[in-house]
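Trainee: I'm new to this one, so could you walk me through the terms people use for it? I'd like to hear the reasoning behind each label.

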Amino acid sequence: MKVQKFGGSSVANAENIEKVIAIVSSDGVSGKRVLIFSALQGTTDALIKAGRLAEVADDGYLEIVSETEQKHRNTIRELFPDIVPSELDEFVDAAIAELENVYEGVRRIQELSGRTLDKLLSFGELVMSRIISEKLNYIGLRNEWVDSRDIIFTDSNFGFASVDRDKTYAAIAERILNTKADLFVAPGFIGRSSNGSTTTLGRGGSDYTAALFAAATDADVLEIWTDVSGMMTADPRFVRKVRQIPQINYREAMELSHFGAKVIYPPTIQPVMSKGIPMWIKNTFDPEGHGTLVKTEAGSKEDVVRGITSIDNIAVLSLEGSGMVGIPGFSKRLFDALSKARINVILITQSSSEHSICVAVDERDAEMARAVVDQEFENEIKIGKIEPLDVQKGFSILALVGDNMKAHTGISGRMFMTLAYNGINIHAIAQGSSERNISAIITSRDVRKAVNALHEEFFSDGKKQINLYIAGVGTVGRRLLEQIASQADFLSQKMHLNLRVIGLANSRRGLLSETGLELGGITERLVEGEETDIHKFTDAIGKQNLRNSVFIDLSANSEVVETYPKLLERSVAVIACNKIACSSELARYKKLKRLAREYNANFYFETNVGAGLPIISTLSDLIQSGDSVNRIEAVLSGTLNYVFNNYDGSRPFADIVRQAQDEGYTEPDPRLDLSGTDVARKILILAREAGYDMEIDEVENTPFLPESCLQGSVEDFYSEMARNEDHFRRLFEEARSERLTLKYIAVLADGKAKVGLQKISSDHNFANLSGKDNAVLFYTSRYNDQPLVIKGAGAGADVTAAGVFADIIKASRS
């Protein structure tokens, strides 16, 4: 004995119906079969819309009725190209006539009762099931059409009628099992009340109809045919790489369907579960696919979490007040009030202090709930024992489901940590004692990100997807993109990271793609990108709201820094190559560090000092491990080191500086380097990271440039340096005459910082620094006599890009 149900998408048109006929025809099962059918896709919604129009005497309902009739007539003509069976023609004529009469009655009295609406809605399932019954007869599959209203008995709760199981089971068994026919076709969704009125079983009720037939006949299997290949680990609208669930038990399926999985109508499961009847969920458009098998015990014990699902359009109701503490009956009165108003409670949570109780309901019921609850507690509200019901909208329920969760510790911890890492606030939490379900209420705008983040945590192949947004596409930006592309395979295979560049912007134009930008030729495509500015670009990051988002600032623009707070507040990691944020006002620096801690967002800026050298991270490790910094000496300008290593008086000083700029060693404005401002910023950042509260004007800066070199444009700067060549030659000659060399050195000692040009001997720690090298000496409590030394290339696009890349990897793995 087999029961098969085909949904609206399976019978959306004649082409799909032919696929259904092929499935039914090729099924070699022996014994009896019952086929349950939904309405032609879109019919139920159209009939409801027509009813609402007729209720307000809007003749627009006539067009909808005409379109509905035409759709069915066209489907019939395609299925019966030669001649339409007369019985089918007569049945449809009668159904259309009755439909028109009922709508006319609604228009005349301008009232659409639940009883009348159910009568109208029965049209879709009745007509579609009759069409397919006649088609099966037409091709030689003899069957009996059964009007489900004759054997499914309900109460008069129109729209969501409750079934009298005992009476219905007996009637179905008598009709199916005690009849010689082996194949039966019946409409889903509908039943009949004790007074003979047509009722409906709720949207999705055709699944329930099939389950009733299966349970009543002790079927061997129930098949639900739809347009997806079974149940999935998450909603495929949210998650691109969902997995099919091959097997699942009834309890898990019930939890997933209750909390939003649309494949199964929730009441469907109980009738087959009580009889232990296995249920297959299959795809009409992939009939050979495995689908999902639902049975008493199913699935691997290794699969801790079976699925992730969500319900949108949730309102949270909070009843609270000191008068509730220790007083029995408040919860009962709350639920009684909601029950009498026929408001379904989806989730419940209560604080242990009994000071408040929180429930989740459908948003459509929120205002009714407010009215009935405030009325129920009117006296307590008047005397201040409790507050009026607080109603908040715009929420969703997120649920993690799996029978095996109860045997594994740390599942809820992983769930909440994953949500926290992505900046998703949890409004309320509920978990049953069975530990089969962990539910959380979150804002609806975060659902997509939450489901993706949790799916990656529990179902991915171990790879973590990182979504990158890059501002600034100069030389360092291009090198970074090249490095990301060249390391993609290594990161995927060895580090299980999938880096996707989602957004790229310069000061004028930007590119954005939620699925990731193709890196080949990306900088060229940016020229044709959409006009934007940094505020629009970073606003788009918030709107996309993707998990594991990282913003990379490769600019030297203060306006970009202004966007950091809003990014950190959305738990977007910020990687700053831009030194402005950490070297500007102390209050701003502290605010950014605080926001990073508060919103669990990574804020890294390793390349602010020493390009790709691990200077800031080493300092951080020293401090965090309990060491204290007594003194820092450093050569922090690759530009200045390059200039003074190469200047020997044989070529003009200005030419050496220009060469440094051409090779990418200087700041965009080389005066920042030559004036010592850039070095001052760097020692300031190290001082702050070492725990000193210091402003930039507290860094003593002894300039070596004539003041006239700092006036005007960059070209004026070069011209003025050329005019002051004697000054630079004199500095060099004085040092050489003393057998010393020139180095621009930064020092932090006794809480004070200074930078300036120094003459050093050949045995100095910095004497042998060549080219663009930087070096830092950390004198600490542990490294007192012999300093900790970090030395290497401190300028250049490649090493700077590598330092940014390292920060991205660090942010991705934390």
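Trainee: Which residues form one aromatic cluster here?

Mentor: Keep in mind that this is a predicted model. The cluster is made up of Phe644, Tyr647, Phe653, Phe704, Phe728, Phe732 and Tyr744. Across the structure there are 19 aromatic pairs.

Trainee: Take Tyr564 and Phe603. Why is that aromatic pair called edge-to-face?

Mentor: Two numbers settle that. The centres are 6.2 Å apart, and a pair needs them within 6.5 Å. The planes of Tyr564 and Phe603 stand at 65°, and anything over 60 counts as edge-to-face, so the label fits. This pair also links distant parts of the chain: Tyr564 sits in helix α20 and Phe603 in strand β24, 39 residues apart. Both Tyr564 and Phe603 are buried.

Trainee: And what makes the pair of Phe717 and Tyr718 tilted?

Mentor: Their ring centres are 5.3 Å apart, with the planes at 55°. Stacked would need planes under 30 degrees apart and edge-to-face over 60, so 55° makes the pair tilted.

Trainee: How do you know that Phe717 counts as buried or exposed?

Mentor: Look at relative accessibility: Phe717 has 0%. Buried means under 20%, so Phe717 counts as buried. Tyr718, at 5%, counts as buried by that cut-off too.

Trainee: What about His535, then: which class does its relative accessibility give?

Mentor: His535 comes out at 28%. Buried stops under 20% and exposed starts over 50%, so His535 counts as partly exposed. You'll find His535 in helix α18. Leaving aside neighbours within four places in sequence, His535 is in contact with Glu559, Glu562, Thr563 and Lys566. The C-alpha atoms of His535 and Thr563 are 6.9 Å apart, though 28 residues separate them along the chain.

Trainee: What puts Lys810 over the face of Tyr604?

Mentor: Partly the distance: Lys810 is 4.6 Å from the ring centre of Tyr604, and the limit is 6 Å. Arg130 likewise lies over the face of Trp145, at 5.1 Å from the ring centre.

Trainee: On to the sheet. What is the order of its six strands?

Mentor: The order is β26-β28-β27-β25-β29-β30, in an open sheet with mixed pairing. What makes β26 and β30 the edge strands is that each pairs on one side only.

Trainee: What shows that the pairing is mixed?

Mentor: Compare a few neighbours. β26 and β28 run parallel, joined by four bridges, whereas β27 and β28 run antiparallel, with nine bridges. β25 and β27 also pair in the antiparallel sense, over four bridges.

Trainee: Why is β27 described as largely enclosed?

Mentor: Eight of its nine residues are buried, so β27 is largely enclosed by the rest of the structure. Helix α24 lies across β25, β27, β28 and β29, running at about 150° to β27.

Trainee: Last one: which residues touch the most other members of the largest nonpolar core?

Mentor: Phe551, Tyr564, Phe603, Phe653 and Ile683 do, in a core of 79 residues. Helix α27 gives the most to this core, with seven residues. As for Phe653, its contacts beyond four places in sequence include Phe644, Tyr647, Phe704 and Phe728, and those four belong to the aromatic cluster along with Phe653.

Definitions and conventions
Residues are numbered from 1 along each chain as its sequence is written. This is a predicted model: local features need pLDDT of at least 70, side-chain atom pairs count only at pLDDT 80 or more; totals for chains, interfaces and linings use all residues. Side-chain values use heavy atoms; hydrogens and water are left out. Rings of Phe, Tyr and Trp (its six-membered ring) pair if their centres lie within 6.5 Å; planes under 30 degrees apart count as stacked, over 60 as edge-to-face and the rest as tilted. Helices (H or I, at least four residues) and strands (E, at least two) are DSSP runs, numbered from the N terminus. Buried means under 20% relative accessible area, exposed over 50%, partly exposed in between (1.4 Å probe, protein chains only). A charge sits over a ring if NZ of Lys or CZ of Arg is within 6 Å of the ring centre and within 35 degrees of the ring normal. Two strands pair if DSSP finds at least two bridges between them. Contact means heavy atoms within 4.5 Å. Axes are lines fitted to C-alpha atoms, for helices over the stretch in contact, and angles run from 0 to 180 degrees between N-to-C directions. A nonpolar core is a set of buried Ala, Val, Leu, Ile, Met, Phe, Trp, Tyr and Cys residues joined through side-chain atoms within 4.5 Å.
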